[in-house]
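The following note sets out several points for a colleague who is meeting this structure for the first time. Please read each point beside the sequence and the model.

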Amino acid sequence: DNRSRGILVDSWALTGRSLANRSDFMQIICEFNAVKKDWINEETLELMLPYLSMEDFNYERVKKACGNVAGLCTWCRTMYDYYWVAKDVEPKLKKVREAEAKMRAANARLVKAQEAFDKLEMEVRSCEKRLEEQRERQFTLENEAAQLRRITESANALIDGLSSEHDRWQCMSKTYTEALSDLPNACLIEAADLAYCGPFNASFRARAANIFQMYLPRVSASENAVWNIEQEEEDTVTEWCNIGLPSDKHSILNAKIIMRLMPYRFSFLVDPQLQGLRWLKGLRNAKGGKCIEGS
């Protein structure tokens with residue numbers, strides 16, 4: 001029989017015919033290529049080896065019989081070769097898968113590290129912003145401190161300069177206090193001077209002032225009173241002189257009498273040299289008054 005002669009007996013009658021008649025035969029082949037080819041083991045190859053060892057089981061010989069079967073023959077040899085290639089590549093693929101798993105884990109750690117880094121970078125930027133604000137505030141405070149230091153130094157210099165005036169101010173305060181106590185006597189002399197001394201010359205006015213002072217102690221005053229009944233503000237006198245008033249003492253006293261009485265009554269001037277008239281006209285121009293002349 002065939003076995004005794006070393007001839008392989010095909011299984012077409014048992015399985016080949018039913019498998020060839022299936023309409024999804026190509027789908028089965030594609031599914032095997034996609035999923036089940038890794039299920040091949042050495043036992044399967046051992047069963048395939050007698051067929052693959054046959055001289056007629058190759059693409060050229062089988063194509064003469066049927067082109068489709070020739071493709072299936074090539075596919076069988078390819079599956080046989082795939083096992084041995086996969087067996088050699090499998091450790092490398094395993095290492096690749098392990099490396100990919102490690103890479104995914106490393107990438108996950110990298111993502112977490114990157115998130116932490118981004119968070120820290122934001123905090124650093126926030127700290128830098130606050131630092132810049134504090135530096136600006138420090139600069140402002142330093143400028144204010146320098147300005148206050150200059151003001152303090154100026155104030156200290158002013159205090160040091162005014163401290164030398166302390167004794168003089170105390171003396172002036174004492175003098176003003178004493179003068180304030182003599183104010184009633186000064187008012188009496190001033191009133192008498194304005195009321196009675198206007199028509200008289202300077203010598204008579206001096207004699208009248210001495211007579212007035214003889215009676216003042218009977219009213220109320222200190223015995224050491226100092227009177228300045230003929231003294232006027234220096235700037236006022238200077239202004240009068242600039243607009244035409246003579247600078248002698250008698251003329252200044254006459255001008256004072258006229259100015260003091262001007263709101264209340266008209267003064268009568270005996271002025272042959274017209275000095276008083278020129279002064280009054282200049283005063284009118286300076287003060288914006290009016291001068292009325294009789295016909």
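1. G71 has a relative accessible area of 36% and is therefore partly exposed, since that value lies between the limits of 20% for buried and 50% for exposed residues. The residue belongs to helix α5. Its C-alpha atom is separated by 9.5 Å from that of N58, a residue 13 positions away along the chain. As the model is a predicted one, this and every following value describes a prediction.

2. The overall composition may be stated next. The protein has eleven helices and zero strands, and its pattern along the sequence is α-α-α-α-α-α-α-α-α-α-α. Of the 295 residues in the protein, 16% are buried. Among contacts with a separation of 6 or more, 58% join residues that are 24 or more positions apart.

3. Helix α5 spans residues 67–163 and deserves separate attention. Which residues of α5 are buried? They are A70, C73, C76, M79, Y80 and Y83. The elements that cover these buried residues include α2, α3 (42–52) and α4 (59–65). Helix α5 also has a kink of about 45 degrees at V89, shortly before the proline P91.

4. The packing of α2 on α5 can be described in detail. Helix α2 comprises residues 25–34, and its axis comes within 13 Å of the axis of α5, with a crossing angle of roughly 20 degrees. Because this angle is under 35 degrees, α2 counts as roughly parallel to α5. The crossing of α2 past α5 is left-handed. On the α2 side the contact is made by F25, I29, F32 and N33, and on the α5 side by L72, W75 and M79. Six residues of this contact are nonpolar, one is polar and none is charged. M79 thus has two roles in this note: it takes part in the contact with α2 and is one of the buried residues of α5.

5. The packing of α3 on α5 follows. The axes of α3 and α5 come within 10 Å and cross at roughly 140 degrees. This makes α3 oblique to α5, because only angles over 145 degrees count as roughly antiparallel. Here too the crossing is left-handed, with α3 passing α5. Helix α3 contributes E42, L45, M48, L49 and L52 to the contact, while α5 contributes C76, R77, Y80, Y83, W84 and K87. The residues of this contact divide into eight nonpolar, no polar and three charged. C76, Y80 and Y83 are among the α5 residues that touch α3, and they also appear among the buried residues of α5.

6. A residue-spacing pattern offers a way to read these lists. An α-helix has 3.6 residues a turn, so residues three or four places apart point the same way. The reader may look for this spacing in the α5 residues that meet α2, namely L72, W75 and M79. The buried residues of α5, including C73, C76 and Y80, may be inspected in that manner as well.

7. Two residues of α10 should be considered together. Is S251 buried or exposed? S251, which lies in helix α10 (residues 249–261), is buried, because its relative accessible area is 13% and the limit for a buried residue is under 20%. Leaving aside residues up to four places away in sequence, S251 touches L245 and P246. K249 is also found in helix α10, yet at 58% relative accessibility it counts as exposed. From K249 to A202 the C-alpha atoms are 8.3 Å apart, although the two residues are 47 residues apart in sequence.

8. The backbone at L274 merits inspection. Most residues other than glycine have a negative phi. L274, however, has a positive phi of about 60 degrees although it is not a glycine. L274 is found in the loop between α10 and α11 (275–287). With a relative accessibility of 44%, L274 counts as partly exposed.

Definitions and conventions. Residues numbered from 1 in each chain as written. Predicted model: local features only at pLDDT ≥ 70, side-chain atom pairs only at ≥ 80, totals over all residues. Heavy atoms only, no water. Axes fitted to C-alpha atoms, helices over the stretch in contact; angles between N-to-C directions. Helix = DSSP H or I, 4+ residues; strand = E, 2+ residues; numbered from the N terminus. Parallel < 35°, antiparallel > 145°, perpendicular 65-115°, else oblique. Left-handed = near helix turned anticlockwise from the far one by under 90°. Contact = heavy atoms within 4.5 Å. Nonpolar A, V, L, I, M, F, W, Y, C, P; charged D, E, K, R; others polar. Bend = angle between axes of the 7 residues up to and from the residue. Buried < 20%, exposed > 50% of the residue type's maximum accessible area, 1.4 Å probe, protein only.
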